[in-house]
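Trainee: I would like to learn how to read a structure like this one, feature by feature. Could we go through it slowly together?

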Amino acid sequence: MYTIYDHNREAWDELARQQIPLARPAGEKEFAKPQFIINPSGWVDFEVRGLRVLCLAAGGGKHSALFAAAGAETTVVDISPAMLELDRRLAAERGLKVNIVEASMDNLSALPLAHFDLVVQPVSTCYVPAVAPVYREVARVIAPGGLYISQHKQPVNLQASLRIATVGYPLLEPYYRSGPLPAASAGSALRESGTLEFLHRWDELLGGLCRAGFVIEDTFEPNHGDSAATLGSFGHRCWFMAPYLAIKARRKATAPSGQKLLVR
Ligand SMILES: C[S@@+](CC[C@H](N)C(=O)[O-])C[C@H]1O[C@@H](n2cnc3c(N)ncnc32)[C@H](O)[C@@H]1O
């Protein structure tokens, strides 16, 4: 049976071939200033050298290479072989050690339990129908006390029209919806063409983390808004609604009720 996972794997393989910005590996500029990936919000208050880091749904040769270059014991998981190939190639070119795992973010059974000190996930939960299984899997593979830093598309960003109308950006999609969103037109900086994306509600994004055994320590909305931007442009739309939310969460040292605590 052909699933949404097959669809998104092929879509991301194609986006990697097209070399969209999200599929551009780190270059000299990024290696010179890796903080924008390793610690964009200043939330990692420890040295990553020697730590076990999981870059989740982070293929493309940016996250894995920069963490490995900073001395972390690095694993990257992604569903797209073409995105992972970028990680493999860059690691080989730079002599970096990266563990590369092809898997879906909601099934991390290939990874060891309670293992990672830090899990970093760029915007990607929009590509799976449910976020709870992702959180459940991260809770299994992260060490007690480990830090989980993830970024997500805000629901309103996926509800609102990508194009400006006479009254601004109308809400076209209901909040309480299910199934994939209608395909986005090519060329939008806010949607990745060819992929199937899903809206996750605030309760699922935030409450879901708590229910999976995490404590939310902080949140951050990257500000892409520009009050002077041309009507209908990326910066203009972002002036009206924040597209993303980053979440800093810590795995509780005690297990959620009814579950056994995993200790490494
Ligand atoms: C935002 S991009 C990756 C990060 C990117 N290299 C960057 O520069 O930030 C999102 C990634 O999610 C991956 N992806 C989509 N569905 C997935 C799934 N079910 N499991 C794991 N990875 C998935 C895509 O292949 C893609 O590499």
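**Reading the packing, the ligand and the backbone**

Mentor: Let us start with a helix and what lies around it: the buried residues of H6 pack against strand S1 (52-56), strand S4 (116-121), S5, helix H8 (202-211), S6 and strand S7 (244-251). Please keep in mind throughout that this is a predicted model.

Trainee: Which residues of helix H6 are buried?

Mentor: A residue is called buried when its relative accessible area is under 20%. In helix H6, which spans residues 132-141, the buried residues are Val134, Tyr135, Glu137, Val138, Ala139 and Val141.

Trainee: Which elements do the buried residues of H8 pack against?

Mentor: The buried residues of H8 are Leu205, Gly207, Gly208 and Leu209, and they pack against H6, S5, helix H7 (155-159), S6 and S7. Just after H8 comes Gly213, whose phi is positive, at about 105°.

Trainee: How many aromatic pairs does a search of the whole structure find?

Mentor: Two aromatic rings are paired when their centres lie within 6.5 Å, and the angle between their planes then gives the pair its class. In this structure the search finds 5 aromatic pairs. One of them is formed by Tyr148 and Phe214, with 5.4 Å from centre to centre and 45° between the planes, and this pair is tilted. Because Tyr148 belongs to strand S5 and Phe214 to strand S6 (residues 214-220), the pair ties together parts that are 66 residues apart in sequence.

Trainee: Are Tyr148 and Phe214 buried or exposed?

Mentor: Tyr148 is buried, with a relative accessible area of 0%, and Phe214 is buried as well, with a value of 2%. A further aromatic pair joins Tyr175 and Tyr176, whose ring centres are 5.0 Å apart and whose planes meet at 85°, which is an edge-to-face arrangement. Here Tyr175 counts as partly exposed at 23% relative accessibility, while Tyr176 counts as exposed at 67%. Returning to the earlier rings, Tyr135, Tyr148 and Phe214 are linked by ring pairs into a cluster, and Tyr135 is among the buried residues of H6.

Trainee: What does the side chain of Lys153 reach at 2.9 Å?

Mentor: For a charged residue, it helps to look first at its place and its exposure, and then at its partners. Lys153 lies in strand S5, which covers residues 142-153, and because its relative accessibility is 6%, Lys153 counts as buried. Its side chain reaches the backbone oxygen of Leu190 at 2.9 Å, and a polar contact of 2.7 Å joins the side chains of Lys153 and Glu197. Beyond its neighbours within four places in sequence, Lys153 is in contact with several residues, including Val123, Tyr127, Arg191, Leu205 and Tyr244.

Trainee: How many residues surround the ligand, and which are the closest?

Mentor: With a bound molecule, one can begin with the residues around it and then look for individual polar atoms. In this model 20 residues surround the ligand, and the closest are Leu22, Gly59, Lys62, Asp78 and Met105. By class, this shell has 12 nonpolar, 6 polar and 2 charged residues. An oxygen atom of the ligand is 2.6 Å from an N or O atom in the side chain of Lys62, and an oxygen atom of the ligand is also 2.6 Å from an N or O atom in the side chain of Asp78. A nitrogen atom of the ligand is 3.3 Å from a polar backbone atom of Ile79. The ligand taken alone exposes 600 Å², and the protein buries 96% of that.

Trainee: Which residues does Ala57 touch, not counting residues up to four places away in sequence?

Mentor: Ala57 touches Val77, Asp78, Met105, Gln121, Pro122 and Ser124. Ala57 lies in the loop between S1 and helix H4 (63-69), and at 18% relative accessibility it counts as buried. Its phi is positive, at about 50°, although Ala57 is not a glycine.

Trainee: Where does Gln19 lie?

Mentor: Gln19 lies in the loop between helix H1 (4-17) and helix H2 (28-32). Gln19 likewise has a positive phi, near 55°, in a residue other than glycine, but Gln19 is exposed, with a relative accessible area of 54%.

Notes
Residues numbered from 1 in each chain as written. Predicted model: local features only at pLDDT ≥ 70, side-chain atom pairs only at ≥ 80, totals over all residues. Heavy atoms only, no water. Near = heavy atom within 4 Å. Polar contact = N/O pair within 3.5 Å; in protein donor to acceptor, adjacent residues only side chain to side chain. Areas by Shrake-Rupley, 256 points an atom, 1.4 Å probe, with all protein chains shown as cover. Nonpolar A, V, L, I, M, F, W, Y, C, P; charged D, E, K, R; others polar. Helix = DSSP H or I, 4+ residues; strand = E, 2+ residues; numbered from the N terminus. Buried < 20%, exposed > 50% of the residue type's maximum accessible area, 1.4 Å probe, protein only. Contact = heavy atoms within 4.5 Å. Phe/Tyr/Trp six-rings, centres within 6.5 Å; stacked < 30°, edge-to-face > 60°.
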